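Colleague: I would like a close look at one part of this protein. Please take the largest nonpolar core and walk me through what builds it.

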Amino acid sequence: MSETSETHIYALIPAAGVGRRMGADRPKQYMTVAGEPMLAQTVRALERVSRIERIFVVVSAADAWIDEVAKTFSPRVKVLRAGGAERADSVLGGLTAAQLPGDAWVLVHDAARPCVRPSEVNHLIDEVLGDAHGDLAGGILAVPMADTVKRADPQRMILETVPRADLWRAATPQLFRVGTLLRALTAGLAGVTDEASAVERLGLPVKVVSCRSANLKVTEPGDEKLAELILGEKNMQAPQIPQIRVGQGYDSHRLVEGRRLILGGVEIPFEKGLDGHSDADVLLHALTDAVLGAAALGDIGQHFPPSDPQWKGADSRKLLRAVVELARRAGWTIVNVDATLVAERPKIGPHMKAIRESVAQTLGVAVEQVSVKAKTNERMDAVGHEEGMMAQAVALLVRTPEASRG
Ligand code: CTP
Ligand code: MG
């Protein structure tokens with residue numbers, strides 16, 4: 001069940017509670033914590049997890065505060081006025097309104113947990129989606145029990161000391177497939193205090209993934225001060241140093257009669273074309289391997305095996321786009337690419353502008369970030385004798401540690 005470009009991960013934040021125990025002048029998710037409404041802090045923590053495609057915030061129909069806070073959200077965040085009487089009603093209402101595909105994954109996270117770290121969320125995703133056997137129904141962040149635990153009778157007399165080694169305090173996010181969670185919640189909400197308890201009832205395997213006790217749920221007066229301290233500490237961390245990675249790619253294809261010549265996604269008029277399983281776009285294949293190389297995500301053959309009929313005659317722009325998306329989900333942004341095409345004939349110069357524009361469009365970057373050069377092989381060797389063409393490429397990628405998966 002490893003993550004591929006087909007894996008979709010969404011987040012859902014139930015934020016429709018009234019905060020009775022907090023007893024503030026407004027629902028606690030709108031209290032100011034470390035200079036901002038708590039909900040804005042919580043949403044931002046999840047926005048920093050680049051693998052999450054969309055974030056749904058579930059509020060009550062009568063919510064009077066959300067419009068102001070929603071101004072701070074990125075376009076990835078959508079507000080749903082689908083909250084219900086209990087937390088589980090809000091989750092079910094939100095999931096139903098969001099209309100997500102059943103096989104997508106959804107991270108349900110309390111609005112009242114603004115201190116969660118993006119690295120903890122990424123850890124949960126890695127543990128659940130990286131499950132070797134693929135039989136996990138999901139996983140939750142949880143805090144290992146630190147205190148000695150007692151069971152007492154109604155008169156508060158201790159009955160026993162409960163061994164704490166196997167005990168965890170459930171936190172959020174909790175990650176499940178949308179279909180599984182819908183099935184679990186529609187089976188009845190009585191006694192359901194978190195998503196896992198509903199899924200457990202179906203007898204499905206759910207994993208606990210350890211997180212800091214600092215991922216606390218702001219519940220009672222004073223908790224907001226604790227959250228402020230924790231968030232303050234995070235804000236005081238050293239500035240994030242971006243990670244920068246270079247990748248290299250190489251490819252070659254034979255020239256044959258009766259094939260179209262496609263270079264950089266552009267058809268070039270010529271009496272021959274490159275031979276291969278896909279459209280044999282030697283330039284895009286070198287670039288694809290360069291992007292994969294920089295992100296250390298394997299190589300083109302691994303992602304698009306020539307033995308797989310679905311890639312027969314494939315438009316190589318589609319392959320490159322899928323690889324850029326894979327890198328993006330791991331937090332990477334393309335800084336620039338540079339490629340060299342070696343071809344004895346035809347002259348590439350007249351097509352260079354179109355090739356650069358096509359490559360830039362496929363990568364989703366500006367033309368200025370794309371360099372393509374062409375040379376002949378001075379009539380030497382196979383390429384010089386027009387038996388084929390070859391290409392080399394480098395790609396530079398960048399990400400902030402917060403956006404990374406670890
Ligand atoms: N929640 C919700 N819908 C509800 C109740 C709770 O979306 N009907 C949300 C809360 O907004 C919160 C999370 O679920 O983000 C966890 O719930 P809890 O901490 O219990 O918040 P409240 O219900 O608001 O607080 P209280 O129980 O003290 O009233
Ligand atoms: Mg509650």
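Modeller: A word on terms first: the domain bounds used here come from an automatic or database domain assignment. The model itself is predicted. That assignment splits the chain into domain 1, residues 9-240, and domain 2, residues 243-404. The C-alpha centres of domain 1 and domain 2 are 42 Å apart.

Now the core you asked about. The largest nonpolar core holds 48 residues. L263, I355 and L363 have the most contacts inside it. Several helices and strands each supply at least two of its residues. The helices are α8 (282-294), α10 (316-329) and α11 (352-363). The strands are β13 (261-263), β14 (266-268), β16 (333-342), β17 (370-375) and β18 (388-399). Helix α8 gives the largest share, with nine residues.

Take L363 as a way in. Leaving aside residues up to four places away in sequence, L363 touches V291, L320, V324, I334, V337 and V370.

Next, the helix pair. The axes of α10 and α11 lie 8 Å apart, and the two helices pack at an angle of about 40 degrees. Angles under 35 degrees count as roughly parallel and those of 65 to 115 as roughly perpendicular, so α10 is oblique to α11. On the α10 side, R317, L320, R321 and V324 make the contact. On the α11 side, S358, T362 and L363 do so. L320 and V324 were also named above among the residues that L363 touches.

For context, look beyond this core. Another core lies apart from it, with 34 residues. Among them are A11, V49, V57 and W105. W105 belongs to strand β6, residues 105-108. There, W105 and L107 point one way, V106 and V108 point the other way, and all are buried.

Strand β6 has two partners to note. Strand β1, residues 9-14, runs parallel to β6 and is joined to it by four bridges. In that pairing, L12 has V108 as its bridge partner. Strand β10, residues 168-177, pairs with β6 in the antiparallel sense, also over four bridges. Here R177 of β10 stands opposite W105.

One last feature is a hairpin. Strands β8 (residues 149-152) and β9 (residues 158-162) pair in the antiparallel sense over four bridges. A152 stands opposite I158 of β9. Five residues lie between the two strands. In the turn, R156 has a positive phi of about 70 degrees.

Definitions and conventions. Residues are numbered from 1 along each chain as its sequence is written. Chains are lettered from A and ligands numbered from 1 in the order in which they are written. This is a predicted model: local features need pLDDT of at least 70, side-chain atom pairs count only at pLDDT 80 or more; totals for chains, interfaces and linings use all residues. Side-chain values use heavy atoms; hydrogens and water are left out. Two strands pair if DSSP finds at least two bridges between them. A nonpolar core is a set of buried Ala, Val, Leu, Ile, Met, Phe, Trp, Tyr and Cys residues joined through side-chain atoms within 4.5 Å. Buried means under 20% relative accessible area, exposed over 50%, partly exposed in between (1.4 Å probe, protein chains only). Contact means heavy atoms within 4.5 Å. Axes are lines fitted to C-alpha atoms, for helices over the stretch in contact, and angles run from 0 to 180 degrees between N-to-C directions. Angles under 35 degrees count as roughly parallel, over 145 as roughly antiparallel, 65 to 115 as roughly perpendicular and the rest as oblique.
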